[in-house]
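Visitor: Could you take me through a close look at a single part of this model, and then show me how the surroundings fit around it? I would enjoy a connected tour.

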Amino acid sequence: MSDMTTRRRWSALLLMLVLALVAGACASDTEPDEETAADAPAGSEEAASGEDLGSLVVGSTNFDEQELVAEMYALSLEDAGFSVERRYQLGSREVVLPALTSGEIDVYPEYVGTALEFLNGGAGEATGDTAATTELLRAAFAEQGVDVLEPSEAQDKNGLVVRAETAEELDLSTVSDLAAVAGELTLGGPPECPERPLCIPGYADVYGVTFGDFRALDAGGPVTIEALDSGEIDVALLFTTDGVIAANDWVLLEDDMDLQPAENITPVIRAEASSPEAVAALDAVSAVLTTENVTEMIRQLRVDLADPSEVAEAFLTEQGVIG
Amino acid sequence: MSPLLAQSRPFPDWEWIQRNGDIVLEQGVQHVQLTVAAVAIGFLIAFPLALLASRRRRLAGPVLQVTGVLFTIPSLALFVGLVPLTGLSTTTALIPLTLYTLLILVRNTIAGLDSVPSEVVEAARAMGFREAALLRSVELPLALPVIIAGVRIATVTTIGLVTVTALIGQGGWGQIILSGFQRQNLTPTLVGFLLSVVLAVTLDLLLVALERRLSPWSRKAAR
Amino acid sequence: MRGVLAQESLTAEVLAWLRGQDFRAIDGVPQLIGQHLMLSAAALVLACLLALPLALYLAHHRRAPVLSINAANAFRAIPAFGLLLVAFQLGGFSTLLLVLVFALIGVAPIFANTYIGIQQVDREVVDAAAGMGLTGRQQLFQVELPLASPVIMAGVRTATVNIVATVTLASVVGFGGLGSPILSGLARGLQFSASARVLAIGGAVLVALVSIGAEAALGALQRRIVPEGLQLREAARASRAAAIEQMADSTPSPT
């Protein structure tokens with residue numbers, strides 16, 4: 001690298017930092033104005049409906065799709081007149097769910113099947129039937145003071161993914177195909193996988209697939225992807241909507257014995273924090289989500305590296321949910 | 001850079017900066033708040049402890065030994081250990097952060113008080129200074145450079161540790177670093193990282209300036 | 001893997017974990033300690049290689065004193081967590097890079113203590129050595145270095161504690177070590193599962209033990225390589241040693 005480019009890089013960096021701070025300072029300068037501007041119409045609406053909508057904390061677990069959908073909830077709630085605090089990428093469900101029941105957050109996106117099996121300790125009640133699974137989830141969550149809203153059409157499941165060479169070499173296309181060879185393979189996935197009913201124990205029970213080793217990585221994030229690419233692991237637990245799978249010509253093994261239940265994306269909200277206005281704002285988001293458009297948006301996040309807030313805002317505006 | 005995610009995002013990513021300037025600032029405020037709170041609370045607890053330990057020498061050994069052992073526990077373990085008790089709250093981040101500053105501050109405050117020449121203390125006593133006045137107008141001013149050196153180390157260390165709390169949903173700029181990493185967008189990661197370095201250096205220099213003001217007679221800083 | 005489905009008692013599983021069997025799909029304790037120590041040792045050696053020659057050179061020639069001490073202190077301002085994630089995004093996932101990041105954590109205390117250690121050697125002693133006809137190199141290695149060794153070793157020990165604690169972060173980027181039971185414990189929900197608690201608490205205790213053990217081992221090493229006379233003198237002049245230590249970098253930075 002020549003001196004010139006080094007120097008240019010450094011000055012770019014410096015400029016970048018200064019800009020980041022200036023942008024922040026400007027944003028905070030204009031904030032009061034924005035607030036008053038935003039408050040004015042909201043205020044008149046409030047006058048019309050005669051109530052103060054208050055504030056809500058929107059949370060998410062630790063992967064892109066969660067942040068995307070959570071941001072949609074946040075934008076829609078803000079559009080309805082709530083003030084929203086965003087707390088994204090908090091950790092696994094094991095961490096975020098207690099945060100919901102303890103009132104640290106008020107709402108986050110869930111997946112009906114996995115959430116049910118999590119709450120019932122892997123009783124196997126979740127099925128491919130969205131409505132039935134949702135009803136059971138409602139009952140399970142009710143004890144915790146949490147409301148399960150109407151599920152969206154969009155589904156995102158966990159899936160086992162292998163490199164194309166591995167698939168070819170071992171002749172793999174379904175999860176069942178793994179049974180004979182899994183003992184020689186290393187699985188990589190989120191650290192919670194070994195204790196999740198629909199993860200390692202599920203594959204063992206339903207398919208008789210027992211992997212030779214497991215590496216605790218991340219929830220379908222860069223660490224898992226890197227490990228699969230470099231050959232550190234042979235099989236990765238990723239999300240079926242992840243555009244990275246297609247972008248790398250990887251093979252998503254078909255869940256031929258239907259271990260993975262219906263996984264519709266659904267807002268779950270603390271009953272105490274819920275209100276008809278909040279439900280309406282969250283339902284408005286669920287109404288426009290489909291597996292196809294979520295998959296496309298995840299592709300934008302993962303392959304084009306777009307910002308979740310950017311993608312969420314563009315999508316909701318286009319769908320007329322906010323504006 | 002990961003070859004897997006097609007790098008269609010430029011670097012530096014001006015668009016990201018424009019979009020997220022306010023978040024960067026917001027997280028910066030949290031970063032500073034956590035740091036200042038940890039150091040301030042740490043100091044409030046450390047000072048009386050150190051005073052006690054420097055007065056009763058027998059306590060100093062055990063106090064410093066506990067210091068040594070606690071430092072060997074990585075912050076990640078303490079943060080994680082608190083999650084079941086205090087959830088993802090600021091408290092979960094604040095307790096370990098304070099604990100670490102406590103250890104640095106106790107150590108340096110004891111050292112500071114010890115660095116006051118005994119002749120000076122004797123002379124002050126002979127001049128009729130009572131304990132409280134002795135502490136306030138003789139010992140503290142003389143110990144100040146070393147005490148502030150401790151505050152500086154504690155502050156700079158805490159700023160770095162705050163970034164780790166991103167793993168438990170806190171963490172100021174740590175969150176920007178982590179989300180940039182998860183999305184493999186270098187701009188946020190680098191912005192969060194460099195800003196926390198800049199913050200550490202800035203606060204350190206501010207503390208040096210403070211020390212110069214408070215003890216103009218000490219020509220060279222202790223550290 | 002089998003641990004997941006096994007129905008043995010938790011205690012039996014933990015004992016087996018300590019003996020080296022996987023516990024709920026997490027590597028056995030000896031393996032985890034092995035990974036942790038390997039990374040730490042490599043980082044420490046690299047840190048010494050990076051810090052010692054330069055510090056010795058600068059201190060021996062009395063060059064750049066203010067800059068040297070301040071530069072070493074400035075290293076504290078670099079958050080290991082951020083550095084690791086930035087490095088991996090810039091340079092890809094590699095063990096070499098990982099070791100380099102952890103080594104940088106240890107550079108500051110070794111550098112600062114070496115510099116200060118050499119600098120505080122009595123000028124008269126060095127002059128006497130020069131008068132006896134020792135060359136500059138001989139002065140450094142036969143006079144200054146032995147006399148500075150207690151302070152230098154203190155720096156190496158501080159670096160060790162820092163590095164061992166920091167290596168827990170390796171698990172954030174999927175490189176194992178004793179951070180992985182801690183992070184796995186968090187992800188599996190300490191409220192929900194006893195095994196998650198075992199992992200998190202076990203990981204924390206093990207890192208602390210490894211760190212204390214490594215420090216003790218270096219302490220023993222120090223007693224071997226620091227000239228006997230100096231050790232006695234150090235004990236006798238405890239207060240002065242403490243003052244030097246205060247000036248030098250002997251405060252571990254937790255990570």
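Guide: Happy to. Let us start with a sheet in chain A of this predicted model. It is an open sheet of 5 strands, with the order S7-S6-S8-S5-S9 and mixed pairing. Strand S7 (213–216) and strand S9 (251–252) of chain A stand at the edges; each has a single partner strand, so one side of each is left without a neighbour in the sheet. Further in, you can follow one pairing residue by residue: strand S5 (residues 158–162) of chain A runs antiparallel to strand S8 (residues 235–239) of chain A, and 5 bridges connect the two. For a landmark in that pairing, pick A:Val162, whose bridge partner in S8(A) is A:Val235.

Stepping back to the chain that holds this sheet, chain A contains 12 helices and 10 strands. Its residues number 323, and 49% of them count as buried. If you take the contacts in chain A between residues at least 6 apart in sequence, 78% join residues at least 24 apart.

One helix of chain A deserves a stop of its own. Helix H3 (residues 93–101) of chain A has 7 of its 9 residues buried, so it is largely enclosed by the rest of the structure. The buried residues in H3(A) are A:Arg93, A:Glu94, A:Val95, A:Val96, A:Leu97, A:Ala99 and A:Leu100. Just after H3(A) comes A:Gly103, with a positive phi of about 90°.

Next, the nonpolar interior. The largest nonpolar core has 232 residues, and those that touch the most other members are A:Val58, A:Tyr73, C:Leu84, C:Phe102 and C:Val207. Helix H6 (residues 95–119) of chain C gives the largest share of this core, 15 residues. To see one of these hubs at work, centre your view on A:Tyr73: leaving aside residues up to four places away in sequence, A:Tyr73 touches A:Val58, A:Val107, A:Pro109, A:Pro267, A:Leu282 and A:Val285.

Chain B offers another kind of architecture, with 8 helices and 0 strands. From the N terminus on, its elements run α-α-α-α-α-α-α-α. The C-alpha atoms of chain B fill a box of roughly 75 × 40 × 25 Å along the principal axes, and 54% of its 223 residues count as buried. Among contacts in chain B between residues at least 6 apart in sequence, 73% join residues at least 24 apart.

For a helix pair to inspect there, try helix H3 (residues 75–86) and helix H4 (residues 90–114) of chain B, whose axes come within 8 Å and cross at roughly 140°. That angle makes H3(B) oblique to H4(B), and H3(B) passes H4(B) in a right-handed crossing. On the H3(B) side, B:Ser75, B:Leu78, B:Phe79, B:Leu82, B:Val83 and B:Thr86 meet B:Thr91, B:Thr92, B:Ala93, B:Ile95, B:Pro96 and B:Tyr100 in H4(B).

Our last stop is where chain B meets chain C: 41 residues of chain B are in contact with 40 residues of chain C. On the chain B side, the elements that give two or more residues are helix H2 (57–72), H3, H4, helix H6 (131–164), helix H7 (173–182) and helix H8 (186–214). The largest share of that side, 10 residues, comes from H8(B).

Notes:
Residues are numbered from 1 along each chain as its sequence is written. Chains are lettered from A and ligands numbered from 1 in the order in which they are written. This is a predicted model: local features need pLDDT of at least 70, side-chain atom pairs count only at pLDDT 80 or more; totals for chains, interfaces and linings use all residues. Two strands pair if DSSP finds at least two bridges between them. Helices (H or I, at least four residues) and strands (E, at least two) are DSSP runs, numbered from the N terminus. A residue is buried if 20 or more other C-beta atoms lie within 10 Å of its own, exposed if 12 or fewer, and partly exposed in between; C-beta atoms are placed from the backbone. Two residues are in contact if their C-beta atoms, placed from the backbone, lie within 7 Å. A nonpolar core is a set of buried Ala, Val, Leu, Ile, Met, Phe, Trp, Tyr and Cys residues joined through C-beta atoms within 7 Å. Axes are lines fitted to C-alpha atoms, for helices over the stretch in contact, and angles run from 0 to 180 degrees between N-to-C directions. Angles under 35 degrees count as roughly parallel, over 145 as roughly antiparallel, 65 to 115 as roughly perpendicular and the rest as oblique. A crossing is left-handed if the near helix is turned anticlockwise from the far one by less than a right angle, and right-handed if clockwise.
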